[in-house]
Amino acid sequence: MTIAARNAHALARPRRLALSIPRWLRIGGAAWLATRLAMAGILAGAHLVAAYTGRTLSFDRWDTRSYIAIAGHGYATATSPNFFPLLPLLQASIGRILAGGRDPSDADLLAAGLAVSAVSTLVAFCALAALVELEADAGTAAAAVRLLAAYPLAMFLAVVYSDGPFLAAGLLYFLAIRTRRWWAAALAGIAAGLLRPLGSLLAIALLAELAVEVALRRTDHATVKGRLVAIASPLAGTGLYAAYLWWRFGDPLLFGHTQALYWHHVFAWPWQTLALMFERMSRPGVLITLDLGLVIVFAALTIGVFMRMRPAYGVLTAGLLLAVLVSPVPSHKDAVQSAGRYLLAAFPAFWMAARWVAGRPWLEFALVAAGFPLQATLAVLFLIGGPIY
C-alpha cells in the first residue's frame, strides 16, 4: 500500500466511525449538548442578574429542597410524602458515593440530583429520537427533539425535579413496548410509578390501545401477555410507594392528601378551571398568560394526536392535560400552578408539533428561536428564587 493510500485509509476511518453512531444517538446527543452549553450561558447571565438585584443564585429552589431533605433524612416532615421516592433514593445513593462512603452533605445530594437530571435528559432526548424514528422518520424525530429542547418549561430538565426522570421513564416505556422488550418496559413502568402518581397514566394509555387492538383483532397472544405485564408495572411502582405510606403513616393515599392540604389543590371540572383561568386574565400576569396559552396549545395538539397517532399517545396526552385542568389551585393567582411543567411529560404533543412543522422550516425556526430565550428567562428567575415552580 502506498503512503497516499495509507493516508486516505486513515482519514476514512473516523468518518466510518461517525457514520456507525446510531442516528437517534446523534440527534439526542446533539440536542443535549446544545442545551448544556445554553445552560452554562444562562448561569453566567443569572450570576449578573443576581449580583445586580442582590439575590442569591442557587439550584436549591422549591421542590429541590424537599428532594434533598428526603434524600438526607427520609420522610420526616408532614409535606414530604407528596414527593415520590425514586429521585431521592438515587440522590442518596449517588451522594454517598460522592461523599466517599460517608453521609452525604446537602451539596453532595444537590450534585447527585443534578447528575440524575442531566443523564435523564440525555436518555429522554435519545429515546424520543429513537421512538419517533422507529414509528415515523428521522426528520420528524430530529424536529421533535429540537421542539422539546426549546420548550420554555424544559428548563426543569436541568434542575433537581422529577420531570426529567419521569419523561425518560415514559419514553423508555413506550420504546420498549414498540420493540417488544416487555421486561424493559416493566422496569421503566415501575420507575415511572415510583417517580409520580401520574405514572398510572402510562398503564391507562396502553390499556386503551390494547383494548382497541383486541377489538379489531390486530394483536396476538404473546403481544397481549407482554402488554399486560407492561400495563401492571406503573401501577406496581405507585402501589409500592402507597404500601410504604400505609405502613409508615397509616394512609396509602397520603401523597394525594398532602397535595390538597398543603398545596391547596381542589377538584374541578375542566370547564370550571378554564373559566377560572380566563377570569384571572382580567388581571393578567406573565405566568398565568403563559400557562393559559400552553393549555390551549396542548389542547389543540391533543386533538391532532388523537386523529393522527396511536390511541395510547392520545390517551396519555389527554390524561396529562386533564390532570392539570381537574386539579386547580383557586387560592393562587395562577389557578393552574405549574401547568406548563406538568405538560412537559406529554411527549406525543412535541411529536405532533414536529409533524405540523414538517416542510415548514421557517415555522420550526420561529418556535425554537422564541422558545429558548423564554426558557432562559424562566431559568434565571428560578435560579434567583422567583415564582417558577
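## The largest cavity

In this predicted model, the lining of the largest cavity divides into nine nonpolar, four polar and three charged residues. The lining numbers 16 residues in total. Leu153, Leu287, Asp291, Ser338 and Tyr389 lie nearest the cavity centre. The volume is about 150 Å³.

Two helices stand out as contributors. α13 (286–308) and α15 (339–342) each supply at least two residues of this lining.

## The second largest cavity

The search of the whole structure finds two cavities of 30 Å³ or more. The second largest holds about 50 Å³ of space. Its lining consists of Phe166, Leu167, Gly170, Leu202, Leu316, Ala345 and Phe347. Six of these residues are nonpolar, one is polar and none is charged. Helix α7 (residues 163–178) gives the most to this lining, with three residues.

Two of the lining residues recur elsewhere in this report. Phe347 is among the residues with the most contacts inside the largest nonpolar core. Leu316 is one of the buried residues of α14.

## The largest pocket

The largest pocket contains about 960 Å³ of space. It is lined by 37 residues, and the closest to its centre are Asn82, Gln259, His265, Arg341 and Tyr342. The elements that each supply at least two lining residues are α3 (63–73), α11 (254–262), α14 (311–325) and α15. By type, the lining divides into 23 nonpolar, ten polar and four charged residues.

α15 therefore serves two linings: it supplies at least two residues to the largest pocket and at least two to the largest cavity.## The second largest pocket

The second largest pocket has a volume of about 490 Å³. Of its 21 lining residues, Tyr151, Pro152, Leu294, Val297 and Leu367 lie nearest its centre. Two or more residues each come from α6 (138–150), α13, α16 (347–357) and α17 (361–383). The lining has 20 nonpolar residues, one polar residue and no charged residue.

Tyr151 also belongs to the largest nonpolar core, where it is among the residues with the most contacts. α13 appears again here, having also supplied residues to the lining of the largest cavity.

## The nonpolar core

In soluble globular proteins, nonpolar side chains tend to be buried together. The largest nonpolar core of this model has 112 residues. Those with the most contacts inside it are Tyr151, Tyr173, Phe174 and Phe347. Helix α5 (residues 106–135) gives the most to this core, with eleven residues.

What does Tyr173 contact, leaving aside its neighbours within four places in sequence? The partners are Ala185, Ala188, Gly189, Leu202, Ala203, Leu206, Ala230, Ile231, Ser233 and Pro234. One of them, Leu202, also lines the second largest cavity.

## Helix α14

α14 is mostly covered, with eleven of its 15 residues buried. The buried set runs through Ala312, Tyr313, Gly314, Leu316, Thr317, Ala318, Gly319, Leu320, Leu321, Val324 and Leu325.

Its length agrees with expectation. At 1.5 Å a residue, the 15 residues should span 21 Å, and the end C-alpha atoms are 21 Å apart. α14 also gives at least two residues to the lining of the largest pocket.

## Met155

Is Met155 buried or exposed? Met155 counts as buried because its relative accessibility is 1%, under the 20% cut-off. Met155 sits in the loop between α6 and α7.

Not counting residues up to four places away in sequence, Met155 touches Gln375, Leu378, Ala379, Phe382 and Ile388. Its C-alpha atom is separated by 9.1 Å from that of Arg341, 186 residues apart along the chain. Arg341 is one of the residues closest to the centre of the largest pocket.

## Positive phi angles

Most residues other than glycine have a negative phi. Arg180 has a positive phi of about 60 degrees, although it is not a glycine. Arg180 lies in the loop between α7 and α8 (182–193).

His264 also has a positive phi, near 65 degrees, and is a residue other than glycine. Its place is in the loop between α11 and α12 (270–280). His264 counts as partly exposed because its relative accessibility is 43%, between the 20% and 50% cut-offs.

Terms used:
Residues are numbered from 1 along each chain as its sequence is written. This is a predicted model: local features need pLDDT of at least 70, side-chain atom pairs count only at pLDDT 80 or more; totals for chains, interfaces and linings use all residues. Side-chain values use heavy atoms; hydrogens and water are left out. On a 1 Å grid over the protein atoms alone, a cavity is a set of points where a 1.4 Å probe fits but cannot get out, and a pocket is an open set with protein on both sides within 12 Å along at least five of seven lines; lining residues have an atom within 4 Å of a point. Grid points are joined across faces, edges and corners, and a volume is the space filled by probe spheres set on the points. Helices (H or I, at least four residues) and strands (E, at least two) are DSSP runs, numbered from the N terminus. Ala, Val, Leu, Ile, Met, Phe, Trp, Tyr, Cys and Pro count as nonpolar, Asp, Glu, Lys and Arg as charged, and the others, Gly among them, as polar. A nonpolar core is a set of buried Ala, Val, Leu, Ile, Met, Phe, Trp, Tyr and Cys residues joined through side-chain atoms within 4.5 Å. Buried means under 20% relative accessible area, exposed over 50%, partly exposed in between (1.4 Å probe, protein chains only). Contact means heavy atoms within 4.5 Å. The expected span of a helix is 1.5 Å times one less than its number of residues.
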